[in-house]
Amino acid sequence: MLFNSYVFILAFLPLTLLVYFLLGRLPERVQFNKAFLVVASIVFYGYNNPRYVPIIVASILINYALSQLMLMQQKKAVRLPLMLIGLAANLGVLFYFKYHDFFYENLNSAFGLSLPLNHVMLPLGISFFTFQQLSYVIDSYRQTVPRYNILDYALFVTFFPQLIAGPIVLHSEIVPQFANPKNRHFSFDNFAPGLYAFARGLIKKVVIADTFAIAVEAGFGAAATLNTAEAWFVAIGYTLQLYFDFSGYCDMATGIGLMFNIQIPINFNSPYKSMNIREFWQRWHITLSRFLTTYIYFPLGGSRRGLARTCINLMIVFLASGLWHGAGWLFLLWGLMHGAASVLYRIFRRQYDALHPALQWILTFGFVVVAWVFFRATSMTDALAIVKSMFMMDFGPLRSEITSAFALPGGFHPGYNALYMLAWYALSLFACLGMRNTYEKTLAFKPTLVNAATTVLMILYCTLCLSNVSVFLYFNF
């Protein structure tokens, strides 16, 4: 089920909130509200494709059983094989659904084999809920987690706001909040900023990201024929589309969580304001960076074993990040690019930090834009063609297939579309660079008449624009 759909906004969300808080009025020892929320989350997950449901249910039961067995054992020698089974099971399922065909295709191509491909559909959110459960399995091996009951664990995994596209939350961030008796009851102080955050996220997705998506699709579809101006507009357009799409989802997830009195961790903190690549990854997809740092970078030795080993560890982490995002060489190349940029920054940090702040921002943002081209392109040929066009100084007019995405309704002269497009880009960049993000706005939120009217208008406008519902980009990862 999509957040940006009639069935979610008009039926699922209000009914789920109503029943959850009504059940919360029962005695504390009765946890029907939690059980209901788990069932509702499973319905949300399997709404469009019920075949996904057995996968996530089996994943929850297996990981919970392994975790409980490890938490009951005092000897590491006994816990280690259980942890390895957990790693193999989770990564094996992820490999089967997400990476099997990619590896088999490359083996067939390299060695002239005829290994069979699965051609199975990728279950929604499998990368997110797999990593989320891996963190609990590994922490159970370390015995740094409490023993939750199966209901609390299932709710930690399935809580629908963050189930499909993150953030990748930790058990310690979610389960204790559901255990707090105060959170069983409706709170206007949480609901109001939650609805406001949801509305802002909806605007980001439905109005901004989906508008850029039209121009980006047209541009990448004609990658070989773009001139320099078109190539830059298309690349920056995707940079903005991806940000408003993914951060819009996370804003909606955060807002829905607040409606249930649950604080979901921030996943984006104005990443395009970053002055260097390290800061970018401290602001972009924060919970994924945290997972990779905690469970890959630190176990490899982090930065404690000298510069050479630190650089190798960074490259491994970013290659893992690229592979996590998708099964393809372009994703690996994107990860390699960010790894190389991070290594160069670590080596030349003193010299880089001495540059003028404006130049630091231009270098960082420019690199991110170019790297996103490889992330978005469907082939290396298209990616290289766009990047080549960006630096060939071959300026020319913007084709109507790109500018028409920003046309105003009512039959205005097509010649004005380029001006409207410039306004869209300028305002969107200003929103990224010059305005407070949703997290900051929510922290300072006050239930004023202006905020109430703004929230209602944003939701009403977006609801009227839902005739062409589009999925979130990170559903593909």
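The largest cavity in this predicted model holds about 150 Å³ of space, where a cavity is a set of points, on a 1 Å grid over the protein atoms alone, at which a 1.4 Å probe fits but cannot get out. Grid points are joined across faces, edges and corners, and a volume is the space filled by probe spheres set on the points. The lining of the largest cavity consists of 16 residues, of which Asp251, Thr254, Ile266, Phe268 and Tyr439 are the closest to its centre; a lining residue has an atom within 4 Å of a point. Two or more lining residues come from each of helix H8 (188–221), helix H9 (228–259) and helix H19 (438–443), and H9 gives the largest share, with five residues. Helices here are DSSP runs (H or I, at least four residues) numbered from the N terminus. By class, eight residues of this lining are nonpolar, six are polar and two are charged, with Ala, Val, Leu, Ile, Met, Phe, Trp, Tyr, Cys and Pro counted as nonpolar, Asp, Glu, Lys and Arg as charged, and the others, Gly among them, as polar.

In total, two cavities of 30 Å³ or more were found, and the second largest contains about 40 Å³ of space. Its lining is formed by Pro271, Tyr272, Ser274, Phe280, Trp361, Thr364, Phe365 and Val368, and the largest share, four residues, is supplied by H15. Six of these lining residues are nonpolar and two are polar, while none is charged.

Confidence in the model was expressed as pLDDT, the predictor's confidence in each residue on a scale from 0 to 100. The protein averages a pLDDT of 92, and 97% of the residues score at least 70. Among its elements, helix H15 (residues 357–376) has the highest mean pLDDT, 97, and helix H17 (residues 400–403) the lowest, 88. Residues are numbered from 1 along each chain as its sequence is written. Local features need pLDDT of at least 70 and side-chain atom pairs count only at pLDDT 80 or more, whereas totals for chains, interfaces and linings use all residues, and side-chain values use heavy atoms, with hydrogens and water left out.

Helix H12 (residues 307–325) has 19 residues, which at 1.5 Å a residue should span 27 Å, and its end C-alpha atoms are indeed 27 Å apart; the expected span is 1.5 Å times one less than the number of residues. Its buried residues include Thr310, Asn313, Phe318 and Trp324, where buried means under 20% relative accessible area with a 1.4 Å probe and protein chains only. Among the elements that cover the buried residues of H12 are helix H4 (76–111), helix H13 (329–347) and H15. Gly322, which lies in H12, counts as buried because its relative accessibility is 0%. Beyond its neighbours within four places in sequence, Gly322 is in contact (heavy atoms within 4.5 Å) with Phe331, Trp334 and Gly335, and the C-alpha atoms of Gly322 and Gly335, 13 residues apart along the chain, are separated by 4.2 Å.

Helix H5 is largely enclosed by the rest of the structure, because 16 of its 17 residues are buried. From its first C-alpha to its last, H5 reaches 24 Å, close to the 24 Å expected at 1.5 Å a residue. Thr130 is found in this helix and, at 2% relative accessibility, counts as buried; leaving aside neighbours within four places in sequence, Thr130 is in contact with Asn90 and Leu94. Just after H5, Gln143 takes a positive phi of about 60°.

Conventions:
1 Å grid on protein atoms, 1.4 Å probe; cavity = no way out; pocket = protein on both sides within 12 Å on 5 of 7 lines; lining within 4 Å. Buried < 20%, exposed > 50% of the residue type's maximum accessible area, 1.4 Å probe, protein only.
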